[in-house]
Amino acid sequence: LLLLYEAIKQNGTELDIIASQRMLRCMEENWLEAVKFLLEESENGQTSLDAKVHNALMLACVKANEWDKTLELLYKMITKGPVPDIASFEIAMLACAHGMEPKMVFLLLDTVKRQGLTPSL
């Protein structure tokens with residue numbers, strides 16, 4: 001999959017949001033490769049990745065039991081964009097719950113309330 005991505009890049013073709021989301025879903029089993037992919041894409045400005053793509057990556061980190069990586073991605077969204085949506089915060093809360101970090105869950109819930117978002121949990 002990464003070889004395919006490299007070939008696409010060398011060809012000068014940009015991935016759209018849907019293609020990026022599909023590639024991330026394929027990489028969920030290997031969250032480290034998904035993180036590398038997202039960071040490379042967003043830092044190079046090759047494609048504008050929306051909150052849904054970031055959320056897919058955050059879910060991959062949750063599945064890999066990497067709650068701290070999930071929080072890093074949320075922090076990146078908050079500081080550099082794209083603007084996180086309620087799903088972003090809920091995924092981060094789920095990750096913290098799985099990581100036995102209840103204080104972080106409550107901090108995230110407080111952030112959600114301060115931003116005027118309504119959790120669906």
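What share of the chain's 121 residues counts as buried? The figure is 38%, and bear in mind that this is a predicted model. The chain is built from helices, seven of them, with zero strands, so reading along the sequence gives α-α-α-α-α-α-α.

**Overall picture**
- Among contacts in the chain with a separation of 6 or more, 56% are between residues 24 or more positions apart.
- About 7100 Å² of the chain is exposed, and 57% of that comes from carbon and sulfur atoms.

**The core**
- The largest nonpolar core counts 18 residues. Met-58, Leu-74, Phe-89, Ala-92, Met-93 and Leu-108 have the most contacts inside this core.
- Four helices each put at least two residues into this core: α4 (51-63), α5 (67-80), α6 (86-98) and α7 (102-114).
- α6 gives the largest share, with six residues.

**Helix α4**
- With 13 residues, α4 runs 18 Å from its first C-alpha to its last, close to the 18 Å you'd expect at 1.5 Å a residue.
- Most of α4 is covered, with ten of the 13 residues buried. The buried set takes in Ala-51, Val-53, His-54, Asn-55, Ala-56, Leu-57, Met-58, Ala-60, Cys-61 and Val-62, so polar His-54 and Asn-55 are on the list along with Met-58.
- At the N-terminal end, Asp-50 acts as the cap for α4: one of its side-chain oxygens sits 3.2 Å from the backbone nitrogen of Lys-52.
- Past the other end, just after α4, Asn-65 adopts a positive phi of about 60°.

**Helix α5**
- The 14 residues of α5 should span 20 Å at 1.5 Å a residue, and the end C-alpha atoms are indeed 20 Å apart, so the two values agree.
- Buried residues in α5 are Thr-70, Leu-71, Leu-73, Leu-74, Lys-76 and Met-77. Lys-76 is on that list, and Leu-74 also turns up among the core residues with the most contacts.
- After α5 comes Gly-81, with a positive phi near 95°.

**Cysteines**
- Cys-61 has 0% relative accessibility, which is under the 20% cut-off, so Cys-61 counts as buried.
- Cys-96 is buried too, because its relative accessible area is 0%.
- There are zero disulfides in the structure. A disulfide would be a covalent bond between the sulfur atoms of two cysteines.

Conventions:
Residues are numbered from 1 along each chain as its sequence is written. This is a predicted model: local features need pLDDT of at least 70, side-chain atom pairs count only at pLDDT 80 or more; totals for chains, interfaces and linings use all residues. Side-chain values use heavy atoms; hydrogens and water are left out. A nonpolar core is a set of buried Ala, Val, Leu, Ile, Met, Phe, Trp, Tyr and Cys residues joined through side-chain atoms within 4.5 Å. Buried means under 20% relative accessible area, exposed over 50%, partly exposed in between (1.4 Å probe, protein chains only). The expected span of a helix is 1.5 Å times one less than its number of residues. A polar contact is a pair of N or O atoms within 3.5 Å; within protein, one must be able to donate a hydrogen and the other to accept it, and residues adjacent in sequence count only if both atoms are side-chain atoms. A disulfide is a pair of cysteine sulfur atoms within 2.5 Å. Contact means heavy atoms within 4.5 Å. Accessible areas come from the Shrake-Rupley method with a 1.4 Å probe; for residues, only the protein chains shown count as cover.
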